[in-house]
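Me: I should like a close look at a single part of this structure, followed by an account of its surroundings. Please treat the matter in one connected answer.

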Amino acid sequence: MYSLRHLAAALALFGLLSPSVLGDTPINPGFNYGTDKVRGVNLGGWLVLEPWITPSLFDATGNDDIVDEWTFGELQDRNTALSALQSHWDSWITESDFADIAAAGLNHVRLPIGYWAFEVGSGEPYIQGQLPYLQKAVSWAETYGLKVIVDLHGVPGSQNGFDNSGHRISFPEWQSNSTNVQRSDNIIKTIASMFANNPNVVSIIAPVNEPAGYDGDQMLSVVRQYYYDSYGNIRFPYGTSQESNTVVLLHDAFQPLSYWSGYQTPPNWQGVAMDTHIYQVFSQSDVEMSQQQHIQTACNMASSLDSFDLWLIVGEWSPAITDCAESLNGRGVGSRYDGTYPGSTKVGSCTGFTGSASTFSSSYKTFLRQFWEAQTITYEKADGWIQWAWKIENADEWSYQAGLANGWIPEDPTNREYPNICD
Ligand SMILES: *[C@@H]1O[C@H](CO)[C@@H](O)[C@H](O)[C@H]1NC(C)=O
C-alpha cells in the first residue's frame, strides 16, 4: 500500500510538498550532530553472530559447516542452538558494559540487529529471542546517558552475502526480490515506531548495513529507492505529516562520497546522516602497507571527510592493520597477511599481531596508539566515529575494551599523546 509517508517522501523528492508541511524546519535530534562529535563503539557480535567475534560459540558446535547465524540455526539441534544463543545474549553485553562505555568518555553505541529478530519467513532457519535485549540495551543506554544507533545489519536475502548479514552466500539476493525489500520496509517501520518517542536515547536508525553497491546498479538502484522509503518510514513514523526527531543514517554502499553528493540534503530533507566504513585490512595492498603508510592513509582522508554535505559519521573502523584475526574473512578462511587467504601473497607471520595483547610488543602497542589517534583526529574532521568493536573474544587489536585495558586507547578519547600526528 502506498502510505502517506511514502507519498510524503516521494513528494519531497520532487520538491512538491510545501516546506511548511515537510522538511524545512530543522529537526531536534537527541544529540547535537554536526556540532558535537560522535564518539562510540559498535556492539558487534551480540544480537547478530559473527564467527570472528565469538569463535568459541562456533567451535562449540563441532561443525565446520556452521559459518553464520543462518547455519547456526539450520545445522544443529534447535534447542542446543537456542540455549547457546540465550546464554550468549545474556552474557556478551550486559549493563556493566554500558557503564564502562560511558565511563570511557564515549557518547554513542551502534547496535547491529538482524531482520530475523522481528520476523522470520518460512524456510528461514533463524532463531528468535533478540528483541528483549534490544529493549534492555536501550534502557541501559538511557541509564548511562548513551545514544543508541539501531542498525539493521541483515535484511531478507542478504544485502552483501557477508556472514555478518546473517547469511554467508556468494551473491546477495535482497535486491533481486521486491518481497525482500517490502519486508525490510516493514521492519524499519516497526523499529521507527518502537523508538519514535524516545529520540533522546535512540537518536538514529540505520536502515541497512553495507549493501553491496560494488555489485552495480542492480543493487544501487534498489538501495537508492529503499533509502527514500526509509526516510519516509523513519522521519514520518506516525502515519501523518508529523515528523519524528529520529535521524536516518545511510551507509554509503561502498561508493565514493561524491556518489551521494546532493542526495537527501537539506532543506527538503532533514535529519539525514551518511555512514562510511574505513578499514585498511581487506585487500592485498592494504595489508602490505607499512605502519607509517597506514597512519598516512588515515590522515590523508581528512579533506574528503571534511567536505561532505551531510552529517558524516565513520560508523566502522579499527586500529587493526592485518586481517589475521581468526575467522575475520569467514569461518575456515585464512588471512591475506600470512598468505593463507586464497590468491594472497604472504606479507609476514600473524604471530604477535592478533590474539591476546599479552603477545603484543611494546612498539606494536605504541603504533596502535598512534594509529588510533590518527584515525580519531581525522574522523573528527567529519562528525565523529564509532569503532568496530567494543568487545572481541580473541583479537585484542580490534577491541576497544582491550585497548583501554592495555593503554593504546586513552581513558578519555580526547586525551591525545600524538595530537600532531597528522600535521
Ligand atoms: C522472494 O523472497 C521471498 C522471501 O522474502 C520468498 O518467499 C519468495 O519465494 C521470493 N521470490 C522469488 C521469485 O524468488
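Is strand β2 (residues 108-114) largely enclosed by the rest of the structure or exposed, and why?

Reply: The model is a predicted one, and the description below should be read in that light. Strand β2 is largely enclosed by the rest of the structure, because 7 of the 7 residues in the segment 108-114 are buried. The threshold applied here is a relative accessible area under 20%.

The burial can be followed on each face of the strand. In a regular strand, side chains alternate between the two faces of the sheet. In β2, one side carries H108, R110, P112 and G114, and the other carries V109, L111 and I113; both faces are covered, and all of these residues are buried.

The pairing of the strand comes next. Strand β1 (residues 38-42) pairs with β2 in the parallel sense, over 3 bridges. Within this pairing, G40 has H108 of β2 as its bridge partner. Strand β3 (residues 147-154) also runs parallel to β2 and is joined to it by 7 bridges. Here P112 is matched with D151 of β3. H108 and P112, which serve as bridge partners of G40 and D151 respectively, are both listed on one side of β2. The connection between β2 and β3 involves helix α6 (residues 131-144), and together the three elements make a right-handed β-α-β unit.

Beyond β3, the chain enters the loop between β3 and α7 (178-195), where S158 is found. Although S158 is not a glycine, its phi is positive, at about 75°. S158 has a relative accessible area of 1% and is therefore buried.

A second serine with a positive phi is S327, for which the angle is near 70°. S327 is placed in the loop between β7 and α12, and at 7% relative accessibility it counts as buried. The loop between β7 (311-317) and α12 (362-379) also holds T322, which counts as buried at 1% relative accessibility. A polar atom of the T322 side chain lies 3.2 Å from the backbone nitrogen of C324.

Two cis peptide bonds deserve mention. One joins P266 and P267, with omega at about 5°; P267 is situated in the loop between β5 (247-251) and β6 (272-278). The other joins W388 and A389, again with omega at about 5°. W388 lies in the loop between β8 (384-387) and α13 (400-406), and A389 has its place in the loop between β8 and α13 as well. At 3% relative accessibility, W388 counts as buried. The C-alpha atoms of W388 and R168 are separated by 20 Å, while the two residues are 220 apart along the chain.

Finally, the ligand is surrounded by N177, T179, N180 and R183. This shell divides into 3 polar residues, 1 charged residue and no nonpolar residue. Oxygen atoms of the ligand lie 2.3 Å from a polar side-chain atom of N177 and 2.6 Å from a polar side-chain atom of N180. For R183, an N or O atom of the side chain is 2.8 Å from an oxygen atom of the ligand. On its own the ligand has 370 Å² of accessible area, of which the protein covers 36%.

Methods. Residues numbered from 1 in each chain as written. Predicted model: local features only at pLDDT ≥ 70, side-chain atom pairs only at ≥ 80, totals over all residues. Heavy atoms only, no water. Near = heavy atom within 4 Å. Polar contact = N/O pair within 3.5 Å; in protein donor to acceptor, adjacent residues only side chain to side chain. Areas by Shrake-Rupley, 256 points an atom, 1.4 Å probe, with all protein chains shown as cover. Nonpolar A, V, L, I, M, F, W, Y, C, P; charged D, E, K, R; others polar. Buried < 20%, exposed > 50% of the residue type's maximum accessible area, 1.4 Å probe, protein only. Helix = DSSP H or I, 4+ residues; strand = E, 2+ residues; numbered from the N terminus. Pairing = 2+ DSSP bridges. Right-handed = clockwise from strand over helix to strand, strands pointing away.
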